[in-house]
Amino acid sequence: MSKTGKVKDRNYTISMPKRTFWRVFLPLCMFLFTAGGLTAYFVVERIVMPKIVGVQRDLVKTPDVLGKAHEDARNAFFGVGLLTEVRGREFNEEVADGSVISQFPEPGEMVKKGRKIAVTLSRGPEAATVPSVRGMNERQARNEMSRGGFTVGNVRRAWSESQPLDAVIETFPQAGTITSRAMNVDLVISRGPRPTHAEMPNIIGESLSEARKKVEAAGLRVGKVDYRNNPSVVPGTVLSQSAAPGAKVPLESAVDITISAIR
């Protein structure tokens, strides 16, 4: 305080090395300024403005598609800019086959446009009656099973006097059985009337395993197997057969063969 009683003004200064100012202080100020600007933008854009406007431009409300058919559900999602993804199918006693059982995210949730909404579709009631496909060809039988919600399992062929070639003889489980649609239905397809004779295949030059397959496929069986020393061919190769290729022999009769060996 001066003699006159007045307080003298004081000037304060910050002393800082020039190098520190340029390398530390100024970059720090710029960083804080930028971070503050971005924070303010985020708060205004993501929090303040949505509350003022009432909506967020990139968010939409998930439609409620529970109980709707798959195609209708997909159209509902597409109408608001969302996609659909089928996550699975489950049996359900109350929701019709092919309709939505559940969805995620839940109805009414706000999600970004373009997001995939996962849905689970109904397979309808689990128990159903096996349809009758007797007399149909395999393609027709598969289509009929599919319409009933069943899947065809194993398919085997058998001789039949009552059903023509390639027609379904019977199913397992049998037609009319009430069973779970999770169980496959096997088909038995007709090979036509059982013949009395079979045509002998040519098995010379085949390995023993391949020769056996061909013989059995023709409705015959391998009988006696002899071995003959023949170093000119691979061991185990068929050298001769008891019935000539193309000959008609009684069905299920035995065919003797000779194969090569090295002794």
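1. In this predicted model, a charged side chain is placed against an aromatic one: the charged end of Arg191 sits over the ring of Trp159, at 3.9 Å from the centre of that ring. Pairs made of two aromatic rings are absent, since a count over the structure gives 0 aromatic pairs.

2. As for the overall make-up, the chain has 263 residues, of which 26% are buried, and its secondary structure comes to 4 helices and 15 strands. Among the contacts in the chain with a separation of 6 or more, 68% are between residues 24 or more positions apart.

3. A reader new to the structure may begin inside it, with the largest nonpolar core, which has 14 residues. The residues with the most contacts inside this core are Met200, Ile203, Val215, Leu220, Val238, Val255 and Ile257. Two elements, α4 (208–217) and β15 (254–261), give two or more residues to it, and β15 gives the most, with 3 residues. In soluble globular proteins, nonpolar side chains tend to be buried together.

4. Leu220 deserves a separate look, and its contacts are given here without counting residues up to four places away in sequence. Leu220 touches Met200, Val215 and Val255, which are also listed among the residues with the most contacts inside the core. Its other partners are Ala198, Pro201, Val249, Pro250, Leu251, Glu252 and Ser253. Apart from the largest core lies another one, of 11 residues, which includes Ala128, Val130, Ala141 and Phe150.

5. Gln103, in strand β3, is a polar residue to examine with care, as at 3% relative accessibility it counts as buried. What lies close to the polar atoms of the Gln103 side chain? One of these atoms is 3.0 Å from the backbone nitrogen of Val65, and a polar atom of the same side chain is 3.5 Å from the backbone oxygen of Pro105. Leaving aside neighbours within four places in sequence, Gln103 is in contact with Thr62, Pro63, Asp64, Val65 and Leu66, as well as with Phe77, Ile117, Ala118 and Val119.

6. Asn92 is placed in the loop between β2 (83–90) and β3 (100–104), where a polar atom of its side chain lies 2.8 Å from the backbone nitrogen of Glu94. Not counting residues up to four places away in sequence, Asn92 also touches Ile101, Ser122, Gly124 and Pro125.

7. Both ends of helix α3 (residues 138–147) offer a detail to check. At its start, a side-chain oxygen of Asn137 reaches to within 3.2 Å of the backbone nitrogen of Arg139, while just after α3, Gly149 takes a positive phi of about 90°.

8. Gly81 is found in the loop between α2 (70–79) and β2, and with a relative accessibility of 31% it counts as partly exposed. Although Gly81 and Val60 are 21 residues apart in sequence, their C-alpha atoms are 7.9 Å apart in space. Lys113 and Gly114 are touched by Gly81, when residues up to four places away in sequence are not counted.

9. How many salt bridges does a search of the whole structure find? The search finds 10 salt bridges, and three of them are described here, beginning with Arg157 and Asp166, whose closest N and O atoms are 2.9 Å apart. Arg157 is partly exposed, with a relative accessible area of 42%, and Asp166 likewise counts as partly exposed at 37% relative accessibility. Side chains of opposite charge can pair when their charged atoms come close.

10. Another salt bridge joins Arg87 to Glu85, with the closest N and O atoms 3.6 Å apart. Arg87 is exposed, with a relative accessible area of 59%, whereas Glu85 is partly exposed, its relative accessible area being 30%.

11. Lys213 and Glu210 form a further salt bridge, their closest N and O atoms being 3.6 Å apart. Where do these two residues stand in helix α4? Because they are 3 residues apart in that helix, Lys213 and Glu210 are separated by about one helical turn. Lys213 counts as exposed at 53% relative accessibility, while Glu210, at 34%, counts as partly exposed.

How values were computed: Residues are numbered from 1 along each chain as its sequence is written. This is a predicted model: local features need pLDDT of at least 70, side-chain atom pairs count only at pLDDT 80 or more; totals for chains, interfaces and linings use all residues. Side-chain values use heavy atoms; hydrogens and water are left out. A nonpolar core is a set of buried Ala, Val, Leu, Ile, Met, Phe, Trp, Tyr and Cys residues joined through side-chain atoms within 4.5 Å. Buried means under 20% relative accessible area, exposed over 50%, partly exposed in between (1.4 Å probe, protein chains only). Contact means heavy atoms within 4.5 Å. A polar contact is a pair of N or O atoms within 3.5 Å; within protein, one must be able to donate a hydrogen and the other to accept it, and residues adjacent in sequence count only if both atoms are side-chain atoms. Rings of Phe, Tyr and Trp (its six-membered ring) pair if their centres lie within 6.5 Å; planes under 30 degrees apart count as stacked, over 60 as edge-to-face and the rest as tilted. A charge sits over a ring if NZ of Lys or CZ of Arg is within 6 Å of the ring centre and within 35 degrees of the ring normal. A salt bridge is a side-chain nitrogen of Lys or Arg within 4 Å of a carboxyl oxygen of Asp or Glu.
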